[in-house]
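Biologist: Hi! I am new to reading protein models, so could we look at one together and talk through what it shows?

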Amino acid sequence: EYNRYAIPQSEVAFSSDTERLRYEAWVSTGKPPEGESGRERLHMQRRGYITTAFTALHFLDDDPGRDQDVADRFGEAVLANLRRDRRILFREAFGTYPLHTRTKDQRVLNLYRLYERWFGGGRAFLIPLRLVWRWLAMMGRFVKWLIRAVGEVRTPRMRGDALVAAEADFATAARKIGRMRDPAVWASLWLRARFDAEYLGVRLPGTSESGLEGATWESDLRFLDATGTQRRRVEREQARAEADVRRLARLVDDGLLEDVARVIGVERAALGREHVRAATVAYRADFRGVRSLLTCSRVLEETAAAVFDHPPLPRPWWPRPRLKASFRRWWRAHGRDDKAARKWMWRNVVRDVNGCRRALLAWDRLGADGAMKRGIERMADLLRHPGRISEQIVTLRIVQSLALIDLLNYREHVYRLGRYGDSGDEAGEALVLDAQTR
């Protein structure tokens with residue numbers, strides 16, 4: 001549309017009277033000239049474009065240099081139309097079907113009202129007829145939508161009702177952006193919370209600071225407008241990280257690193273902070289079973305002690321005779337005379353709560369002392385080359401940070417081009433990302 005109607009200022013004097021009339025009508029109203037018949041429009045399309053200066057970037061970005069070029073070549077009126085159309089484009093794209101404008105009964109599932117509408121008063125017998133009617137109505141709406149879509153393709157219109165487009169606030173746009181970007185953001189955040197204890201504010205064993213001061217997960221959750229369920233999941237992961245690091249720190253105090261250094265054949269002083277971080281990551285991930293081997297007894301004891309701290313897990317339906325035999329041997333040696341505790345602990349073992357199933361198998365196969373010895377050997381093998389673990393943690397941190405920055409840039413772009421601030425719509429935490437975290 002812009003390439004068909006906009007005339008460069010340097011070419012206005014060379015244009016025909018018809019072209020100038022079309023241009024003046026279009027630039028004043030922002031719409032194709034009134035009364036222009038379909039035959040005349042088709043004839044104009046066959047004649048080609050007046051210019052080819054306008055591209056998709058003019059409407060998807062607000063580069064100052066590009067906008068100034070439009071003003072210099074086509075005038076301030078064309079630039080004003082361009083900015084208005086750009087705003088409407090973003091408002092329409094990210095403001096369709098805003099949930100906050102729907103009535104509560106359309107946003108909430110009310111089972112009683114659903115029963116009254118479909119089953120109460122003998123309505124259940126009419127369900128087949130109502131379904132057939134709904135199907136016919138849906139097909140009718142589909143045919144109408146198809147006809148309208150074909151018409152829009154044949155005669156494109158980039159114009160919309162600015163008042164309707166402006167009804168949706170930036171929260172609606174942010175929610176739609178989240179549908180596209182949030183899966184990658186949350187996946188990288190869960191991975192980092194799972195393996196990077198420092199991200200959760202947990203200090204490495206033997207250190208006085210985490211190395212990521214100020215880079216807390218709380219700021220990321222505020223930026224993502226996390227739900228209560230998502231926040232509780234991270235909090236549970238933080239509690240597990242604190243328990244794991246506390247258990248590993250006890251091993252370090254008992255001489256774990258000295259034993260590892262002896263196996264490697266170096267002095268204890270040669271194992272620095274990078275080795276401690278690699279050991280923490282490997283322990284947290286139970287990489288090559290080091291967590292289960294080094295602390296099989298402690299993991300089982302802690303899980304059994306906290307067995308009543310959460311509701312009972314569902315009953316397992318599939319028999320596990322070998323695992324059951326291992327559990328019975330451990331319970332006879334370390335359990336207590338409490339049938340409820342025994343039943344709940346068995347369910348925890350089946351679902352590997354806190355890694356207790358892997359710890360049980362290590363204890364049953366090697367015994368506590370044998371598992372400790374095997375765990376030290378595997379940890380020493382891992383710490384011979386700690387860089388391979390550090391590199392993966394650095395990559396994970398970069399990926400998670402870039403995912404958040406990508407989401408921030410997308411939100412800022414839409415907020416700026418949609419000109420939500422002009423209508424007093426504050427973005428709030430949606431555009432606030434802790435720079436220290438990055």
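Modeller: Gladly! Let us start with a definition: a residue is buried under 20% relative accessible area, exposed over 50%, and partly exposed in between. Please keep in mind that this is a predicted model.

Biologist: Then let me try it on R288: is R288 buried, exposed or partly exposed?

Modeller: R288 lies in the loop between α15 and α16. Its relative accessible area is 40%. Partly exposed covers the range between under 20% and over 50%, so R288 is partly exposed.

Biologist: Which loop residue has a phi near 55° and counts as buried at 10% relative accessibility?

Modeller: Most residues other than glycine have a negative phi. In the loop between α15 (273-285) and α16 there is a residue that has a positive phi near 55° without being a glycine. At 10% relative accessibility, under the 20% limit, it counts as buried, and its name is D286.

Biologist: Let us turn to charges. How many salt bridges are there?

Modeller: Side chains of opposite charge can pair when their charged atoms come close. For a salt bridge, the cut-off is a side-chain nitrogen of Lys or Arg within 4 Å of a carboxyl oxygen of Asp or Glu. By this rule, the count of salt bridges is 26.

Biologist: Which residue does R291 pair with in a salt bridge?

Modeller: R291 sits in helix α16 (residues 290-294), and its partner is 47 residues away in helix α13. Both members of the pair are buried. The closest N and O atoms are 3.1 Å apart, and the partner is D244.

Biologist: And R247 with E302: how far apart are they along the chain?

Modeller: Their side chains meet in a salt bridge, at 2.7 Å from N to O. This pair links distant parts of the chain, with R247 in helix α13 and E302 in helix α17, and the separation is 55 residues.

Biologist: Of R247 and E302, which is buried?

Modeller: E302 has 32% relative accessibility, so it counts as partly exposed. R247 has a relative accessible area of 1%, which is under the 20% limit. The buried partner is therefore R247.

Biologist: Why are D259 and R262 separated by about one helical turn?

Modeller: D259 and R262 meet in a salt bridge of 2.4 Å, N to O. D259 is partly exposed at 22%, whereas R262 is exposed at 57%. Salt bridges elsewhere share partners, joining E237, R240, D244, R247, R284, R291 and E302 into one network. As for D259 and R262, both are in helix α14 (residues 256-264), and they are about one helical turn apart because their spacing is three residues.

Biologist: What about pockets: which element gives the most to the lining of the largest pocket?

Modeller: The largest pocket has a volume of about 430 Å³. It is lined by 13 residues, and the closest to its centre are R240, E302, A306, V353 and N354. Two elements give two or more residues to the lining, α13 (228-253) and α17 (296-305). The one that gives the most, with six residues, is α13.

Biologist: One last stop, the surface: how much accessible area does the nonpolar patch with W145 have?

Modeller: W145 is in helix α9 (residues 127-154), and W145 is partly exposed at 45%. The patch also includes W133, F142 and V150. Together, the residues of this patch have an accessible area of about 1,200 Å².

Conventions:
Residues numbered from 1 in each chain as written. Predicted model: local features only at pLDDT ≥ 70, side-chain atom pairs only at ≥ 80, totals over all residues. Heavy atoms only, no water. Patch = residues over 30% accessible without salt bridge, like charges linked within 9 Å, V, L, I, M, F, W, Y side chains within 5 Å. Areas by Shrake-Rupley, 256 points an atom, 1.4 Å probe, with all protein chains shown as cover. Helix = DSSP H or I, 4+ residues; strand = E, 2+ residues; numbered from the N terminus. Buried < 20%, exposed > 50% of the residue type's maximum accessible area, 1.4 Å probe, protein only. 1 Å grid on protein atoms, 1.4 Å probe; cavity = no way out; pocket = protein on both sides within 12 Å on 5 of 7 lines; lining within 4 Å. Points joined across faces, edges and corners; volume = space filled by probe spheres on them.
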